[in-house]
Amino acid sequence: MSLRNQFSFSKTFIARVDFRARTKIYDGFQTSNGWARMNLALRKTFYNNRLIFILSADDIFKSEREQWTLRGYGTTLDKDCYNYSRAVSLTITYNFNAKRSKYKGTGAGNAEKSRL
């Protein structure tokens with residue numbers, strides 16, 4: 001199951017919530033337990049989208065565990081651990097020369113495209 005939502009609080013401030021979950025799986029000789037994970041990202045822009053801040057957090061509730069059992073002929077393997085998938089990151093982007101070029105989008109190649 002995957003739920004993705006995006007909220008626009010203003011033209012320059014956006015929040016994104018991503019929730020993923022999986023149920024228990026029985027696959028022949030292997031059994032895998034279910035897990036859930038929630039990620040959050042906040043995006044704020046300044047100076048007409050030239051400066052962008054993105055703050056994101058992955059696996060906020062520390063709920064994604066790898067739990068499985070593999071059964072074979074006279075052998076059983078188990079794994080039950082947390083994969084340390086939590087992360088917090090801050091991305092800062094500055095767009096230099098954010099102006100449109102006077103040559104961009106003038107249709108200079110339309111004659112060539114219509115010829116082909």
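Biologist: In this model, which side chain meets glutamate 64 in a salt bridge?

Modeller: This is a predicted model, and a salt bridge here needs a side-chain nitrogen of Lys or Arg within 4 Å of a carboxyl oxygen of Asp or Glu. Glutamate 64 sits in the loop between strand E6 (51-58) and E7, and the pair links distant parts of the chain, 27 residues apart. Both partners are buried, and with an N to O distance of 2.7 Å, the side chain that meets glutamate 64 is that of arginine 37.

Biologist: Which parts of the chain does the salt bridge between lysine 79 and glutamate 66 tie together, and how many residues apart are they in sequence?

Modeller: The side chains of lysine 79 and glutamate 66 meet at 3.3 Å, N to O. Lysine 79 belongs to strand E8 and glutamate 66 to strand E7, so the salt bridge ties together parts whose separation in sequence is 13 residues.

Biologist: Is aspartate 18 buried or exposed?

Modeller: Aspartate 18 forms a salt bridge with arginine 20, with the closest N and O atoms 3.4 Å apart, and these two residues are linked with Arg4 in a network of salt bridges. Arginine 20 has a relative accessible area of 32% and is therefore partly exposed. Buried means under 20% relative accessible area, so aspartate 18, at 12%, counts as buried.

Biologist: How many bridges join E2 to strand E5?

Modeller: Strand E2 covers residues 13-22, while strand E5 covers residues 35-46, and the two run antiparallel. One of the positions to look at is phenylalanine 13, whose bridge partner in E5 is lysine 44. The number of bridges that join E2 to E5 is ten.

Biologist: Through how many residues does a hairpin join E1 to E2?

Modeller: Strand E1 (residues 2-8) pairs with E2 in the antiparallel sense over seven bridges, and within this pairing glutamine 6 stands opposite arginine 16 in E2. The hairpin that joins E1 to E2 passes through a number of residues equal to four.

Biologist: How far apart in space are alanine 21 and serine 2, C-alpha to C-alpha?

Modeller: Alanine 21 has its place in strand E2, and, leaving aside residues up to four places away in sequence, it touches Met1, Trp35 and Ala36. Although alanine 21 and serine 2 are 19 residues apart in sequence, their distance in space, C-alpha to C-alpha, is 6.5 Å.

Biologist: In what order do four strands form an open sheet?

Modeller: The pairing in this sheet is antiparallel, and the edge strands, each of which pairs on one side only, are strand E3 (25-27) and strand E8 (75-82). Between strand E4 (residues 30-32) and strand E7 (residues 65-72) there are three bridges, and threonine 31 stands opposite threonine 69 in E7. Read across the open sheet, the order is E3-E4-E7-E8.

Biologist: What is the relative accessible area of serine 32?

Modeller: Serine 32 is found in strand E4, and its contacts, not counting residues up to four places away in sequence, include Arg22, Ile25 and Trp68. Serine 32 counts as buried because its relative accessible area is 12%.

Biologist: Which strand gives the largest share of the nonpolar patch?

Modeller: Leu55, Val88, Leu90 and Ile92 form this patch on the surface, and together they have about 410 Å² of accessible area. Valine 88 counts as exposed, at 67% relative accessibility, and valine 88 lies in strand E9. The largest share, three residues, comes from strand E9.

Methods: Residues numbered from 1 in each chain as written. Predicted model: local features only at pLDDT ≥ 70, side-chain atom pairs only at ≥ 80, totals over all residues. Heavy atoms only, no water. Contact = heavy atoms within 4.5 Å. Pairing = 2+ DSSP bridges. Buried < 20%, exposed > 50% of the residue type's maximum accessible area, 1.4 Å probe, protein only. Patch = residues over 30% accessible without salt bridge, like charges linked within 9 Å, V, L, I, M, F, W, Y side chains within 5 Å. Areas by Shrake-Rupley, 256 points an atom, 1.4 Å probe, with all protein chains shown as cover.
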